[in-house]
Structures are given as structure tokens and as C-alpha cells.
Number of protein chains: 2
Amino acid sequence: MRNIIKPFALAISLLFTFIFGFAQRDINLDKLSKTYADERLPLFLELLSIPNDAFYPEDMEQNIRWCEQQFGQRGFATQRIATTHVPLLMAERKHPKAKKTVLIYLQLDGQPVDSTKWFQESPYTPVIKEKNHKGEWKEATWESADSLDDEMRIFARSASDAKGPVVMFLAALDAAAKNNITPNYNIKVIMDFEEELGSPRLPDAVTRNAELLKADMLIIFDGPRHISNQPTLTFGARGIATITLTTYGPVVPQHSGHFGNYAPNPALGLSKLLAGMKDDEGRVTIPGFYDGISIDPKTEKILRNVPDKENEIKKRLQIVSADKVGSYYQEAIQYPSLNIRGMQSGWIDEKVRTIIPGWARAELDVRLVLESDPERLIRLVKNHVASQGYYITDTEPTEQERLTHEKIATFTSEISYQSFRTDFDSEVGVWLTNALKNAFGEDPIRIRMSGGSIPISPFVTTLNIPAVTVPTVNRDNNQHSPNENLRIGNYREGVKTMLAILREKL
Amino acid sequence: MRNIIKPFALAISLLFTFIFGFAQRDINLDKLSKTYADERLPLFLELLSIPNDAFYPEDMEQNIRWCEQQFGQRGFATQRIATTHVPLLMAERKHPKAKKTVLIYLQLDGQPVDSTKWFQESPYTPVIKEKNHKGEWKEATWESADSLDDEMRIFARSASDAKGPVVMFLAALDAAAKNNITPNYNIKVIMDFEEELGSPRLPDAVTRNAELLKADMLIIFDGPRHISNQPTLTFGARGIATITLTTYGPVVPQHSGHFGNYAPNPALGLSKLLAGMKDDEGRVTIPGFYDGISIDPKTEKILRNVPDKENEIKKRLQIVSADKVGSYYQEAIQYPSLNIRGMQSGWIDEKVRTIIPGWARAELDVRLVLESDPERLIRLVKNHVASQGYYITDTEPTEQERLTHEKIATFTSEISYQSFRTDFDSEVGVWLTNALKNAFGEDPIRIRMSGGSIPISPFVTTLNIPAVTVPTVNRDNNQHSPNENLRIGNYREGVKTMLAILREKL
């Protein structure tokens with residue numbers, strides 16, 4: 001009997017869950033998350049009022065103390081992880097019967113601000129705005145948070161990137177605590193106060209504190225959702241390496257009349273090197289650059305599932321056609337990139353001078369994917385330069401070198417972060433997918449790979465913790481720019497998302 | 001008898017001249033020119049003390065008045081030629097029995113100064129310096145000008161470029177006047193007070209004053225001698241046109257992570273355009289660019305006669321090999337050039353950002369020669385861009401254009417001055433060659449074409465006056481740079497050169 005009753009009970013239970021559970025739980029979750037999001041709005045405005053340019057450690061100290069206090073009040077044990085500059089903050093809370101530990105990454109610092117470009121008193125004085133009939137953002141009049149329309153927005157530095165997610169998480173913790181929702185996993189929160197500086201001290205801190213940071217999975221509460229603004233999970237991010245390439249002409253700039261047709265022009269040399277790296281459709285032509293990457297049918301299905309509207313992307317960028325590395329956007333992102341991010345030789349515009357410049361420089365970035373060893377990619381680019389007859393050095397050439405080698409290039413490189421990518425059917429992937437599906441009633445958009453890079457690879461590569469990003473903010477948030485903002489609806493749904501994750505059994 | 005006596009007398013006379021005349025006249029000329037150069041040194045120092053950045057018309061007014069006074073004292077009738085900014089000054093003196101008129105071009109303004117880079121109180125406080133045993137230039141102690149060593153130098157803005165030649169000419173006029181040397185030609189002097197600004201108002205002034213400026217030949221007292229510092233005549237100068245070429249990527253710079261492999265990179269497009277214009281040896285590969293130029297054996301002999309020491313040039317520029325437009329320096333200069341004088345896209349060094357830039361720009365200069373129609377050369381470059389699939393506009397593209405054309409380039413150009421070139425065996429060429437030969441005892445170095453450009457083409461092309469440049473200053477004079485200087489020996493030989501020209505019958 002036991003063998004029959006058990007499946008039967010399970011089937012009844014599933015049916016019950018299916019008929020009442022989903023709907024009921026979602027309605028509760030909607031209400032709960034809106035209530036707590038609205039109640040914690042003053043806390044959000046308070047956090048946004050603390051300046052957070054990581055260039056000023058004294059300002060970051062205020063942010064750190066605020067986090068220590070807030071997580072302390074919620075039963076977290078906090079401890080600072082010292083670095084040579086601004087520390088990291090760790091907050092930990094254990095739960096009864098928990099077997100797993102989830103590490104959550106939050107970021108508190110923001111990009112520098114140019115107050116003159118903001119349409120409000122200060123980037124650190126948050127203002128709630130609504131669109132008027134002309135489509136302009138104007139300060140809203142409002143009395144209570146719960147009366148705010150989802151389409152209104154909070155304008156302040158870091159509203160979206162990434163103090164918004166910090167307060168969403170605190171509000172979700174409060175909603176859970178007050179409603180007997182206890183995670184069945186332990187939580188560690190690692191707070192980064194130097195993300196916008198590129199987290200230069202994070203890798204070392206992670207290595208030194210491997211035991212302290214140990215966890216079964218990592219969630220990153222950062223970044224904007226898919227452009228459709230539907231619930232999104234991102235399973236990977238390209239890494240980034242950079243290359244600086246300099247070619248040389250005469251030792252000092254020469255009069256282009258006296259020496260035009262005689263002194264070799266370094267800008268021509270550089271142009272030839274760069275032109276030889278890619279074809280007209282933006283595909284790298286250096287043999288082997290894309291080795292190891294192939295999009296199998298299963299992966300293709302995953303990629304095709306993302307509802308990108310490429311015509312809209314192109315219209316926004318004002319381009320007729322895209323590079324042909326992939327045949328569509330999601331495919332393109334699965335490959336490493338080789339991008340000229342900056343280039344200069346001599347001067348242009350009002351500074352122009354009729355010279356043969358002394359040097360020409362290109363700054364390149366290589367976005368990395370899991371299949372490509374970054375050192376190999378860099379070596380391929382370097383070998384390409386060498387194959388064009390260049391003598392390669394990593395410093396400014398000496399007179400002796402200049403008088404010995406016909407073509408000289410200075411080539412330096414740096415691997416900033418590695419790529420990471422977590423399988424959709426990994427434990428963390430399935431768990432988070434279920435959490436969002438249960439909360440929103442449909443599968444989230446699952447993105448295999450984000451084009452951009454986030455400095456969490458030390459966790460993935462050093463500590464071997466699989467990671468998934470849970471983005472919550474609206475994509476048109478002016479991240480890194482003046483008039484950064486967060487849509488109220490995204491703030492509320494962010495609380496809902498995080499509450500769903502706290503509730504979901506692991 | 002008359003038919004016999006005449007040739008006989010001529011032969012005797014020539015023999016006499018050959019045996020005694022040369023030596024005697026030269027010794028006189030040496031002494032005379034040194035005497036007057038030294039006597040006019042205070043006048044030179046006075047002129048150098050008047051600031052002459054043409055950006056400041058009130059300073060230029062002082063220079064103009066000084067010239068009016070000096071030429072007036074020497075029997076010249078002066079008159080200003082009004083322009084919309086600083087005027088030109090014309091000084092004219094007629095001589096008995098003169099049949100021809102020689103126009104002399106002088107330049108009074110200097111490049112802007114950065115006083116902090118000068119090793120003296122002010123660029124407008126001339127200092128006479130000598131090299132110490134360490135090879136450093138230190139202020140010389142001296143009592144009288146005639147005791148100054150030829151190797152000493154006068155340091156001041158415009159010492160060489162080109163107030164030096166102005167005073168040399170005044171000193172030569174004085175030496176001639178006091179020693180019964182009367183030119184057998186009339187002299188017109190045209191003084192330019194905006195040369196370093198590119199003489200923007202000269203072409204119009206020349207056209208409007210064609211009758212006033214009418215002359216049989218033009219001498220330009222400007223520029224450095226051949227690097228060997230031997231007496232030099234320059235028979236031509238390349239003209240100059242400029243091109244600005246801009247390519248476009250996304251309408252605003254995009255995050256290179258999100259859009260690397262997707263949004264086309266304008267720096268790559270520009271590199272491909274530039275790389276396609278020239279081969280690895282710096283030769284323009286656009287068909288037809290060098291059409292019309294061929295160096296015949298006679299011209300080659302002329303070019304080969306210039307005693308360039310190319311190994312020294314290369315050592316100075318710290319290059320192993322030169323571009324292969326010509327097989328030697330003088331030949332290279334006979335061809336038009338196509339030079340990348342500036343190039344930029346995004347940012348480099350400490351300003352670098354991980355973006356796909358919105359645009360990339362190259363500034364090109366085309367040095368023109370007589371055989372090449374500048375409009376044709378510009379059209380060839382433009383056609384090359386178009387042949388690479390670019391839609392060409394002369395303004396920033398509109399959204400409509402961006403959404404219609406896959407590749408867009410903004411192409412603008414300007415013809416600054418045309419080239420000029422005078423035959424060695426033209427009247428002015430033979431006359432000046434004789435003058436220098438008679439003064440220095442050997443043929444001057446005759447340069448067919450100077451690589452650089454001088455804004456005198458309006459005289460040559462509009463007024464049809466053949467022109468030759470008579471350079472006098474030392475090449476290592478730091479022209480346009482801090483610590484500009486003139487070697488005392490070149491100052492004295494410059495007076496000698498000009499006195500030789502005043503003496504030489506036309």
C-alpha cells in the first residue's frame with residue numbers, strides 16, 4: 001500500500017499546488033513584496049543619499065557602516081575583509097536545518113558624478129519623477145510610497161547600479177522574516193565597495209579568504225533585465241582582457257612637408273595591423289581566434305529563446321547591419337571579441353598639426369568566453385603583429401632598437417577578469433529558474449552569456465562556486481551616466497524576485 | 001677690326017675677372033658684409049624685442065611701424081595693403097636705368113611662444129649664447145659685435161624664422177648704399193605679418209593688388225639652407241591640401257561588452273580605408289595618384305647633385321629605412337604625399353574606456369607638386385573611399401542616412417596653397433645662381449623642390465611671377481619651437497648673400 005499511497009498523495013499534492021498553490025502564492029507574493037518595497041522606500045532614499053564614489057574612501061566608509069547596521073539588525077554577523085584600500089564587507093546568517101550555503105554579491109559604490117548634467121539638485125538627493133505629457137521626467141508629487149505608480153522612477157546615482165538591489169534584498173529579508181518564510185539555506189553576503197573601480201583588490205581578498213567565503217553557489221544581484229523587462233536570469237558573463245599596441249615613426253614628430261614620402265608613418269603601420277585583424281564584417285581573421293567554440297543545436301535553442309528584437313537594437317544604435325561574428329545578437333556574444341576601444345596618433349580637429357606623428361596607439365579589449373584561454377588569444381594577436389614583420393617589445397623602444405628594426409611595436413596586455421558560465425541545468429540554475437517561475441508564473445528569460453564583464457570570476461575560478469546573475473532593474477536606467485534611475489515597478493518586482501528566492505527550497 | 005677686338009677684349013676681361021676679380025670681389029664682399037652685419041646687430045636685437053605672435057594685432061602693429069620706419073629711412077616708399085585683419089606692408093624703391101622689378105617676400109610674425117620652455121628670460125629678449133665644454137648653450141660675454149665668433153648664436157623667437165632675413169636685407173641695403181653698389185633693378189618688398197597663421201588673407205590681397213605687386217621675379221628670403229649649411233637656392237615648394245575623413249559606428253559609444261561582435265567599429269573601418277591607400281613601403285596604391293610625374297635624366301642629375309647624407313637623416317629620425325616613394329630623399333620630394341597627420345577614435349591611455357567608439361577620424365595632408373592637379377588628387381582619395389562601399393557626405397550623417405547606408409564617411413577637404421616650381425635655367429634662376437657663385441666661389445646647392453609649403457603661390461599662380469627661395473639660416477635653428485636661434489656665421493653670410501644679389505646685374 002505504501003508504494004501506492006505515496007505516489008497518489010504526491011499527485012494530489014502536485015495537483016493541489018497547481019490549481020491553488022501557484023495562483024495563491026503569487027498573489028501573496030505580489031502583495032507582500034509591494035508592501036515591503038513601499039515600506040522600505042525611505043530606507044532606500046536614505047541609502048541613496050550617501051555619496052558613493054569609491055575614489056573617496058571616507059564616503060565609502062559611511063556606506064559600509066550603513067550596511068553593517070542594516071545587516072546587523074536583520075540577524076547577520078558582519079565582518080570586514082581588509083584590503084589595501086576600501087574593505088569588503090561580509091554578512092552571514094545561518095538558518096535551522098540548512099545544508100547549503102548561498103553567497104550573494106552586492107555592490108555599493110557608484111560611478112563618479114557630474115552634477116551639472118543631472119536635472120535635479122544632486123545625484124545624491126534622490127527625486128521621484130513621472131513623465132509629463134511631453135515625455136519629460138518631472139518631479140512627482142506624492143504622499144505615501146504605496147500610492148506611487150509603477151511607471152514612476154527614482155532618480156539618483158546608484159538607484160539601479162547597484163544600491164537598488166541592496167535595498168530590494170533588505171526589504172525581501174524583512175518580508176520573509178515577518179511572514180514566517182525562512183530560507184532552508186544559509187546566506188553569506190559579500191559586499192563590494194570598489195566595483196566601479198574594477199574591484200582591483202577583490203581577487204586577492206577572495207584568495208586570502210577562501211574558507212570564509214566558501215559557499216555552494218553564488219547569486220549576483222546586479223545588472224538590468226533583458227530589454228523586454230521580463231524576469232531574467234543570466235548564466236554567464238564574458239571576461240575581459242586588454243591590449244595596448246603602439247607603433248613608431250620618427251623619434252619625434254616631423255614636418256610632414258620635409259619628410260612626407262620619406263619618414264614612415266606610424267598611423268599607417270597601425271592601420272595596417274588593425275585592418276589585418278578583422279574582415280569587413282567584423283570577424284577576426286587571425287587563424288584560431290574562435291577555436292573551441294561551436295553552438296550545438298541545444299545551445300542554439302537556448303539562444304533563440306531570448307526574445308531580442310534586433311530591429312529595435314539596430315534602430316537604437318542607428319546601424320543598418322551588425323557585425324557577422326554571429327548571425328544574431330545572442331550568438332555573437334558567445335564568441336570572444338576583439339574591439340578597438342581607442343586609437344590615437346598625432347592630433348585631430350583644432351589641435352591638428354601637419355606632422356608625421358612619432359607614434360600611433362590602439363587600445364584593444366578582448367571579451368573572453370569560457371572556451372578561449374585568454375593567454376592564447378592574446379598570444380594570437382601578438383603573433384599576428386609579429387607576422388607582419390614587427391619587432392615586438394613591451395616598453396618604449398630604445399634608440400638602439402629603433403636603429404636596428406624596421407618595424408617596431410610595443411605590445412602590452414592585461415587579463416582583467418576571466419569569463420564564467422553556469423549550466424542552465426546546474427543546481428543553482430534549476431533552483432533559481434523554479435523560484436522565478438513560481439513567482440511570476442512563467443519561465444524567466446534565460447541568458448546564456450552576458451556580453452559585459454563582472455568582476456566575480458575570482459569566486460567562480462578560485463573558489464569554484466557556480467554563479468548566476470539575477471538582474472532586476474530596467475535596462476533604460478542611464479547606468480554610469482547622468483540621471484540614473486530605477487523604475488518603481490522594477491523596484492517592487494525586484495523585492496518580489498528576491499523574496500521568491502528566499503522562499504524557494506534548495 | 002671691331003669684330004676681332006670685341007671678342008678679344010671680352011676674353012681678356014673674362015680672364016682678368018677669373019684671375020683677380022673673383023678673389024678680390026669676394027674678399028671685399030666678406031669684409032663688407034661682416035662689417036654691416038655686425039654694425040646692424042643692435043638693430044636686429046631691437047627687432048627681436050618686439051613681440052610678434054600674429055594672434056595679437058596690437059603687437060604686430062609695432063612690427064609694422066618698425067618696418068615702415070626702417071624701409072622709409074632707406075629710401076623706400078611704403079604703403080599698407082589693408083586686409084580684414086593685420087595689413088600687409090609694401091615697400092618700393094626704384095633705381096636709375098632699372099628695367100626689371102624684383103619682388104622680395106619677407107615675413108615678420110613668429111610662432112606662438114611658451115616662455116616656460118625657453119632657457120632665457122623671455123623669447124622676446126634676445127640672448128647671444130655660446131656652447132660650453134659640455135655642449136650646453138650658455139650666455140656669452142661679449143663687448144662688440146665684431147668680436148663674436150661665427151659659432152655663437154642669437155636666441156630669440158623669429159631669430160631665424162624670419163626676422164633674421166629681414167635685418168640681413170636691411171644691413172645689405174646699407175652696405176650697398178655706402179659702397180656705391182646700386183642694383184640695376186627696382187625693388188618691391190612685400191612684408192607678411194600673418195605667415196605663421198597660414199597667411200589666410202594673402203591670396204585675396206594679392207588678387208586685389210595685382211598691379212601694385214607686379215614684378216618680373218620673386219625672391220623669398222626665408223627658410224633654412226641645405227643641412228650641409230652651404231649656400232642654397234630652392235626653386236620650388238610643394239603645395240598643401242588637407243582632408244578630414246570620419247567613419248561612423250553606433251550613434252553614441254556603446255559598451256564594448258554588450259555590443260562587441262555586434263555594433264560595427266568605426267576605428268576598424270577607418271583603419272581599413274587608410275591601410276588600403278598605401279602599401280607597406282608608404283607608396284600610394286590608389287591608381288593615378290602619381291600620374292604625370294617622371295624624373296628624366298636631366299632632373300635626376302639635378303636631384304643627385306644635392307649632397308644629402310641620408311644615413312645621417314635616418315640616424316637623426318631613428319629610422320632604419322625610409323618610405324619607397326622615391327629611391328632617395330630628393331626624389332621622394334618630387335612626388336605628392338598622402339600623410340596621416342592625425343587620427344583618433346575613442347580614448348587612449350588614462351582616458352581609455354571600454355567602448356565601441358561612435359566615430360573615428362583621420363586628418364590627412366596631401367603635399368602637392370606641379371604635375372598634380374590638387375582637385376584630382378583629392379577626388380582620387382574620395383573615390384577610393386567610395387570604392388570601399390562608403391556613402392560619402394560632407395556633414396555629420398543624419399539618423400536617416402545612418403539607417404539607410406551600411407558604411408558612411410564624412411569627407412571634407414581644403415586646398416591651402418598650390419605648389420610652385422621654377423626652372424633652374426629661368427632668368428631668375430640663372431641670375432641668383434650667378435650671384436651666389438660670384439660671392440661664394442662655387443655653385444650653390446640648388447634644390448628643385450622643398451618638401452614643405454610656403455604661402456606664396458598666389459604670386460606665382462595669380463600674378464605669374466617666377467619665384468626662387470634664398471634660404472640663409474642654419475637648419476638646426478629650432479624653428480617653431482622653444483629656443484629658436486640663428487648662428488652668427490649664418491647671419492653674416494646671409495648679409496653677404498643678399499649683398500651679392502643687390503650687386504648682381506640683372
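**Exercise 1. Find how much area chain A and chain B bury between them, and what share carbon and sulfur atoms give.**

Solution. Start with the total: chain A and chain B bury about 7,000 Å² between them. Of that area, carbon and sulfur atoms give 56%. Keep in mind that you're looking at a predicted model. Next, see who takes part: 80 residues of chain A and 80 residues of chain B make up the contact. Then pick out the big losers of area on one side. In chain A, Asn261(A), Tyr262(A) and Gln318(A) lose the most area to chain B, and together they hold 13% of what that side buries.

**Exercise 2. Work out how many salt bridges and polar contacts link chain A and chain B.**

Solution. Take the salt bridges to begin with: six of them cross the interface of chain A and chain B. For a concrete case, go to Arg361(A), which forms a salt bridge with Asp349(B). Their closest N and O atoms are 3.0 Å apart. Now the polar contacts: between chain A and chain B, 40 residue pairs are counted, with both residues at pLDDT 80 or more. To put the salt bridges in context, the count over all chains comes to 58.

**Exercise 3. Describe how domain 1 and domain 2 of chain A meet.**

Solution. Get the bounds straight before anything else. Domain 1 of chain A covers 21–237 + 419–503, and domain 2 covers 239–293 + 335–417. The contact draws 13 residues from domain 1 of chain A and eight residues from domain 2 of chain A. As for the centres of these domains, 39 Å separate them, taken over C-alpha atoms.

Now look at the area. The two domains of chain A bury about 790 Å² between them, with 53% of it on carbon and sulfur atoms. On the domain 1 side, Ser419(A), Arg421(A) and Ser453(A) lose the most area to domain 2 of chain A, together 60% of what that side buries.

Finish with the polar links. One salt bridge is found across this domain interface. The side chains of Arg421(A) and Glu371(A) meet in a salt bridge, at 2.9 Å from N to O. Four residue pairs are in polar contact between domain 1 and domain 2 of chain A, both residues at pLDDT 80 or more. The domain 1 residues that touch domain 2 of chain A split into five nonpolar, six polar and two charged.

**Exercise 4. Are Arg40(A) and Glu39(A) buried, exposed or partly exposed?**

Solution. First, note that their side chains meet in a salt bridge, 3.7 Å from N to O. Next, apply the cut-off: buried means under 20% relative accessible area. Arg40(A) has 15%, so Arg40(A) is buried. Glu39(A), at 46%, is partly exposed.

Now try chain B. Arg40(B) and Glu39(B) also meet in a salt bridge, at 3.7 Å from N to O. Arg40(B) is buried at 16%, while Glu39(B) is partly exposed at 46%.

**Exercise 5. Which residues have the most contacts inside the largest nonpolar core?**

Solution. The largest nonpolar core has 94 residues. Inside it, Met277(A), Leu338(A), Met277(B), Phe289(B) and Leu338(B) have the most contacts. Zoom in on Leu338(B), leaving aside its neighbours within four places in sequence. Among the residues Leu338(B) is in contact with are Met277(B), Val284(B), Ile286(B) and Phe289(B). Then check the other chain: Asn261(A) is in contact with Leu338(B) too. Asn261(A) should ring a bell, being one of the chain A residues that lose the most area to chain B.

Conventions: Residues are numbered from 1 along each chain as its sequence is written. Chains are lettered from A and ligands numbered from 1 in the order in which they are written. This is a predicted model: local features need pLDDT of at least 70, side-chain atom pairs count only at pLDDT 80 or more; totals for chains, interfaces and linings use all residues. Side-chain values use heavy atoms; hydrogens and water are left out. Domain bounds come from an automatic or database domain assignment. Contact means heavy atoms within 4.5 Å. Buried area is the accessible area (1.4 Å probe) that two parts lose on being put together, summed over both. A salt bridge is a side-chain nitrogen of Lys or Arg within 4 Å of a carboxyl oxygen of Asp or Glu. A polar contact is a pair of N or O atoms within 3.5 Å; within protein, one must be able to donate a hydrogen and the other to accept it, and residues adjacent in sequence count only if both atoms are side-chain atoms. Ala, Val, Leu, Ile, Met, Phe, Trp, Tyr, Cys and Pro count as nonpolar, Asp, Glu, Lys and Arg as charged, and the others, Gly among them, as polar. A nonpolar core is a set of buried Ala, Val, Leu, Ile, Met, Phe, Trp, Tyr and Cys residues joined through side-chain atoms within 4.5 Å. Buried means under 20% relative accessible area, exposed over 50%, partly exposed in between (1.4 Å probe, protein chains only).
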